[in-house]
Every structure is written in C-alpha cells, then in structure tokens.
Amino acid sequence: MAGRHGTASRPQTRIRTGPQLDCHRKWEVTPMLTDSYGRVATDLRVSLTDRCNLRCTYCMPPEGLEWLPKPELLTDDELNRLIRIGVTILGIEEVRFTGGEPLLRRGLPGIIAAATALSPRPRTALTTNGIGLDRMAPALAEAGLDRVNVSLDTLRPEVFEKLARRRRLGDVLDGMAGAAAAGLTPVKVNAVLMRDINDDEAPELLRYCIEHGYQLRFIEQMPLDAQHGWRRDTMITADEILDRLSAAFTLEAADASTRGSAPAELFYVDGGPATVGVIGSVTRPFCGACDRVRLTADGQIRNCLFAREESDLRSLLRDGATDDEIADRWTAAVATKLPGHGINDPTFLQPARPMSAIGG
C-alpha cells in the first residue's frame, strides 16, 4: 500500500556530500534505489546460502530441499562487490546477512569484515537460528558485526523438536547467550506462534527474553513454506498474539510516529522500559513504508519476500559488467517494485521459492 509514499522525496543522483562527524561514515551517499511509489531502499538483505541445519515445519519438509549447486552461488568476492556497489553507489545504509542459515557459510567473518570496512560504513546484522553462534560470536564481533536476530519459537525441548525436527534447543539458547557476551547487542529474538503447537507460550517467551535482556518480536506466519501448506484460517494473527500477551502483562503501544520503516509495532511491557514487538506481515501490512531490497545467494535481486520476479545480477558480474552497469540494472529492478505484497488479494500466488532460498 503506497499511502503517503506516493511521490519520491529524495534525489536519484549518485553524489557524495561533505565529511561526516562519524569516523566510520566519512562520506554520505545519496540513496537512489527509489521505486515508483517514492519508497527508497536503504536496507539490503543478503542471503549467503539456501542451506539450513534445521527443518522447521513452516519453512521446509522433513527431508529438506534440493540445495542450489555451488557454481550457482555467488563467491565471496562477488558478494563483496555487490555489497560495495550497494553501499558506495546506491546508498544502502544497512546490510542484514541471512539464509538459509548464514552461519553455514564458510568465510562469513571475512564477508562481514569487507562490509564493515566500507565507507560509509553500513550498519550490519545477522539473522540466524543460533546453532553454533556461541562459538562464532567473538569472530563475528571482531569482524565488525553490530548485532544479531535469533529465531526462537519455544522454550520447551519437545516442542522445539516437533517444530524444527531437531534436538537443538540448548544450542540455540547457548548461541543467544554467546552473542550477548560478545557484544552483538541488542540480541533480537524472532518467534512464530503455530496454532495448537506453541501458541500458549507467548508469555513464557516474553518473560525469558526480558530476564535475559533480549528484545522479542512475534511474527505472523507467512506463506513462504516449501510445501505450500500455509492456511490463513490456522495462522495466529497479530490480534491473537496481543490477546495472549495481554492476559499476562499490561501492554502500552509505543509512539507510532517513531516507528519509521521498522516492521514491528512496539509495546511497552508493564510500564517499560522493556518492550515487545508484533510483526503483522499478513493482517497489518506495512508495505507503504518498506525500505528493503533482497539479494539471493545466487545473485538475484528481489523487491519483496513475495515477489514473483527477480533481476539477475550474477550474469552481469560474470560477463564482466562495470560497477555502473550493475548499479543501473539494480536501480531499474527496484523501480518496478509493486505497492504491496498482495497476500490479501484474491489473486495472490505464493512465490515459487521458499523462505530458505529467498533470505529473510
């Protein structure tokens, strides 16, 4: 939904303006990834792999998926180049590394270090299931990673195994603690509630996160599973999440004017300062303020998780294109971004690629 974003508000010229006070941002690049509704993409989600070491029911079948062949994946050098173009030419301000499971990507600290060495320096984050994060957190922090998002849907081992089809809950909790100890803060926790499986755990999850200093965000289940088994009538909605939390806590909505392009609606818990977020991607879409663009592990630009079209940058890279030629195609791709994800339209079709292949 375009809303008040119907006209562009930023210039689309590639210019750098004077020195900045922040030593990490010596130059400011004017954002130019603008779509026809005036939204400007400054947040790049980079998928590093489609592989994952869990088999979450809302993402993939028990046997897993057919992974992308290695020659189709971007190399470290190719990833670094595209991120550099995005940051230094196109005005990307934040880079989020995703997957699949990005901790499975060999060379991850080097990829992060290359991004944080750029000028201007982008903010960086990593979305992970947390397995192995306790061991890798110090190296990621040393590489310059700012913070992490960790997926955690339950605190009960038997429910974790039912949802993820693996007995790894302890590893996830250790990963979150390791990230906090390494300074990758704030540690944000992403939780999906599934009806009759873990939908009674909302208060329990919130108490745990508050006690450990984590920031919890509940996310409505989205139609991105490889099995195409998502059903609207079984999805736990944002309203239901808030009802479950309100039974145990006093919630007060934060000032909506400070939300900006953030996907989560924030609520103070029992007067604050702790907060909880609810991301109502389906029932409370925030497409009108979207500032995200996605790069898949095989070098395709996607304007939305639910896009059915992609723009190929990998071929340009491997055919010897210049930085400006790549930037021009990237700019043209974002210009075609649709006004919304269309989930609530009767003609909506789930994208062929599942979440693990797209990147979160």
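Helices (H or I, at least four residues) and strands (E, at least two) are DSSP runs, numbered from the N terminus. The model is predicted: local features need pLDDT of at least 70, side-chain atom pairs count only at pLDDT 80 or more, and totals for chains, interfaces and linings use all residues. Residues are numbered from 1 along each chain as its sequence is written, and side-chain values use heavy atoms, with hydrogens and water left out.

**Exercise 1. Find the loop that holds arginine 165, and describe its phi.**

Step 1. Look between helix H4 (157-164) and helix H5 (169-181): arginine 165 sits in the loop there.

Step 2. Check the backbone: phi of arginine 165 is near 60°, a positive value in a residue other than glycine.

Step 3. Put that in context: most residues other than glycine have a negative phi, and most peptide bonds are trans.

**Exercise 2. Locate the cis peptide bonds before proline 120 and proline 273.**

Step 1. Serine 119 and proline 120 are joined by a cis peptide bond with omega of about 5°. Proline 120 belongs to the loop between helix H2 (108-116) and strand E5 (123-128).

Step 2. Glycine 272 and proline 273 are also joined by a cis peptide bond, with omega of about 5°. Proline 273 falls in the loop between E10 and E11.

Step 3. Stay in that hairpin of E10 and E11, which has five residues between the strands: aspartate 270 takes a positive phi near 50°.

**Exercise 3. Trace the sheet around E10, then place the helices on it.**

Step 1. Start with the whole sheet: 12 strands make an open sheet with mixed pairing, in the order E9-E10-E11-E8-E7-E6-E5-E4-E3-E12-E13-E14. Two strands pair if DSSP finds at least two bridges between them. Strand E9 (251-253) and strand E14 (311-312) are the edges, each pairing on one side only.

Step 2. Follow E9 to E10: they run antiparallel and are joined by three bridges. Here leucine 251 stands opposite valine 269 in E10.

Step 3. Go on to E11: strand E10 (residues 265-269) and strand E11 (residues 275-279) are antiparallel over four bridges. Tyrosine 268 stands opposite threonine 275 in E11.

Step 4. Add helix H7 (residues 238-246), which packs on the sheet and touches E8, E9, E10 and E11. Contact means heavy atoms within 4.5 Å. The direction of H7 makes about 155° with that of E11. Axes are lines fitted to C-alpha atoms, for helices over the stretch in contact, and angles run from 0 to 180 degrees between N-to-C directions.

Step 5. Add helix H6 (residues 202-212), lying across strand E7 (188-191), strand E8 (215-219), E10 and E11, at about 155° to E8.

**Exercise 4. Locate the annotated cysteines and relate them to the second largest cavity.**

Step 1. An unreviewed UniProt entry gives the feature "binding site" at Cys287, Cys290 and Cys304. UniProt positions follow the numbering used here, feature names are shortened, and annotations may be inferred rather than shown by experiment.

Step 2. The three span 18 residues in sequence, yet no two of their C-alpha atoms are more than 9.3 Å apart, so they gather at one spot.

Step 3. From this set, Cys290 is part of the lining of the second largest cavity. On a 1 Å grid over the protein atoms alone, a cavity is a set of points where a 1.4 Å probe fits but cannot get out, and lining residues have an atom within 4 Å of a point.

Step 4. Other residues lining this cavity include Asp35, Arg39, Asp291 and Lys337.

Step 5. Finish with Cys287, which is found in the loop between E11 and strand E12 (292-295).

How values were computed: 1 Å grid on protein atoms, 1.4 Å probe; cavity = no way out; pocket = protein on both sides within 12 Å on 5 of 7 lines; lining within 4 Å.
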